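Please open the model in your viewer and keep the selection tool at hand. The tour moves from one selection to the next and says what is there.

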Amino acid sequence: MTTYDVSQIAEQFLDAQKAVPTSVFSRVTRTARSAYGLGRTVLSKDSDPDLAAVLRLTSQLGELKGVAMKMGQVLGFLDSTLPPEVRQMLSLLQSRAPASSWESIEATVRAALPHQAEELLAGLEPRPSAVASIGQVHRGKLRDGTEVAVKVRHPGIDAALRADFATAGAGLGFANTILLGAASSAREGLEEVRRVMQAECDFAAEAAHQARFAQILKDDPVIDVPAVEPDFCAEPVLTTRWRAGHRLDDFLATGPTQAERDRIGEALFRFYLGTLYRTGWFHADPHPGNYAFTDEGRVIVYDFGCVRYFEKSIVRALADLVRALRAEDVSRIREAAIGLGFKGQLKGADLDAFLRFARSFFAPILTPGRHAIAPDSGFEAGRLARDKRQLARLGVPGQLLFLFRVRFGLYAVLSRIGAIVDWGALESTFAAETAAT
């Protein structure tokens, strides 16, 4: 098998400059080729994969940006059955892809911030430090010496997203992958992904989300949310304090102690689920490109574009479901599911299916004591999620769809970190705090 230097490929991606294709025809045809490539090179689970083909596919998804790149991100960090070389290649899409040109980035900044553009651009590095599905990040320095990270929306990405969802077949395929097949209604899943992806294009809203989470977590001993520089933010531009750290793979390569793994795993669990229980707000995109690890033991969290909010009644119903599952109280489980908005009758075979799904979905917190999370945790829930007829009968509420993604994504990351924590006790603490409010 030919080997590739992934770090060198990552640098080559950042140096490449490709405009985002925006026409419906171009995106549909290129996406179709990419989907075919996924089937042949990635989803076939070949023990001797064609890495040259995987590299071409990764580059194609990175050039497309938008939901195609999101799809590659999801497969790269969630599917533990993929060969390590394939996962490593797809993991590039977490923060590396062919960049938008400096000229187009400069034009976007000048149009969005006419009075602040000169100061911002004077200290901005033309080569991006990261390229994501919606925008790219440039390191910079303000006039007063403050080091900043400036995220600029890819020119044309809004038109590209409209093109992605313009044809039902392509849009449904994207939605199914991004939501891990958990939508009981294909159209409901499509609309949820469309709405969230379009919202991610508004960096002014993201600035507000990031400032909110920075306030919520200002006293957290591990989680670090970079401060927003509001005077240098607009709909297509987000400026925050520069905070750098090691990517997940690089952090794990340093050989952290078990105590360090446990501390960081517990902090990520607290960030993704604790904030949900305590405030109703949660970061809904847990892929490893959205955080970094410092030498001082902190975890920096980036990218607050995909943020969701649950009303208090939904959070309480979720807490009730957790307590009922741990108590194995079927009657209370059914009541909590109805409180969460499940539309099915939840009787007989449907109730049995829901119980199997819920017990698998919450498996790590139903296992007593301190333990590591298995790489295939939630596998049975994922298998059941692919049974569309069963999901339709259960009536999975649309607002919960991204919660599935958070859970499965978080399980995958915690499994890789190897944290050993009493996850059940931790989530029960969150649930108890919710019940007390």
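The stops below take in salt bridges and one pair of packed helices.

Before selecting anything, note that this is a predicted model, in which local features need pLDDT of at least 70 and side-chain atom pairs count only at pLDDT 80 or more, while totals for chains, interfaces and linings use all residues. Residues are numbered from 1 along each chain as its sequence is written, and side-chain values use heavy atoms, with hydrogens and water left out.

**Salt bridges across the sequence**

A search of the whole structure finds 24 salt bridges, a salt bridge being a side-chain nitrogen of Lys or Arg within 4 Å of a carboxyl oxygen of Asp or Glu. Select Arg 416 and Asp 249, whose side chains form one of these, at 2.2 Å from N to O. Arg 416 belongs to helix H20 (residues 401–417) and Asp 249 to helix H12 (residues 248–253), so the pair ties together parts that are 167 residues apart in sequence; helices here are DSSP runs (H or I, at least four residues), numbered from the N terminus. Arg 416 is partly exposed at 32% relative accessibility, and Asp 249 is partly exposed at 28%, where buried means under 20% relative accessible area, exposed over 50%, and partly exposed in between (1.4 Å probe, protein chains only).

Next select Glu 11, Asp 15 and Arg 127, which are linked in a network of salt bridges.

**Helix H14**

Move to Arg 323 and Asp 320, whose side chains meet in a salt bridge at 2.4 Å, N to O. Both residues lie in helix H14 (residues 312–327), three residues apart, about one turn of the helix. Arg 323 has a relative accessible area of 26% and is partly exposed, as is Asp 320 at 34%.

**H14 against H15**

Now add helix H15 (residues 330–340) to the selection: its axis and that of H14 come within 8 Å and cross at roughly 160°, with axes fitted to C-alpha atoms over the stretch in contact and angles running from 0 to 180 degrees between N-to-C directions. That makes H14 roughly antiparallel to H15, a term for angles over 145 degrees. Among the residues making the contact (heavy atoms within 4.5 Å) are Leu 318, Asp 320 and Arg 323 of H14 and Arg 332, Ile 333 and Gly 339 of H15.

To finish, select Arg 332 with Asp 329, whose side chains meet in a salt bridge at 3.8 Å, N to O. Arg 332 is partly exposed at 35% relative accessibility, and Asp 329 is partly exposed at 25%.

How values were computed
Helix = DSSP H or I, 4+ residues; strand = E, 2+ residues; numbered from the N terminus. Parallel < 35°, antiparallel > 145°, perpendicular 65-115°, else oblique.
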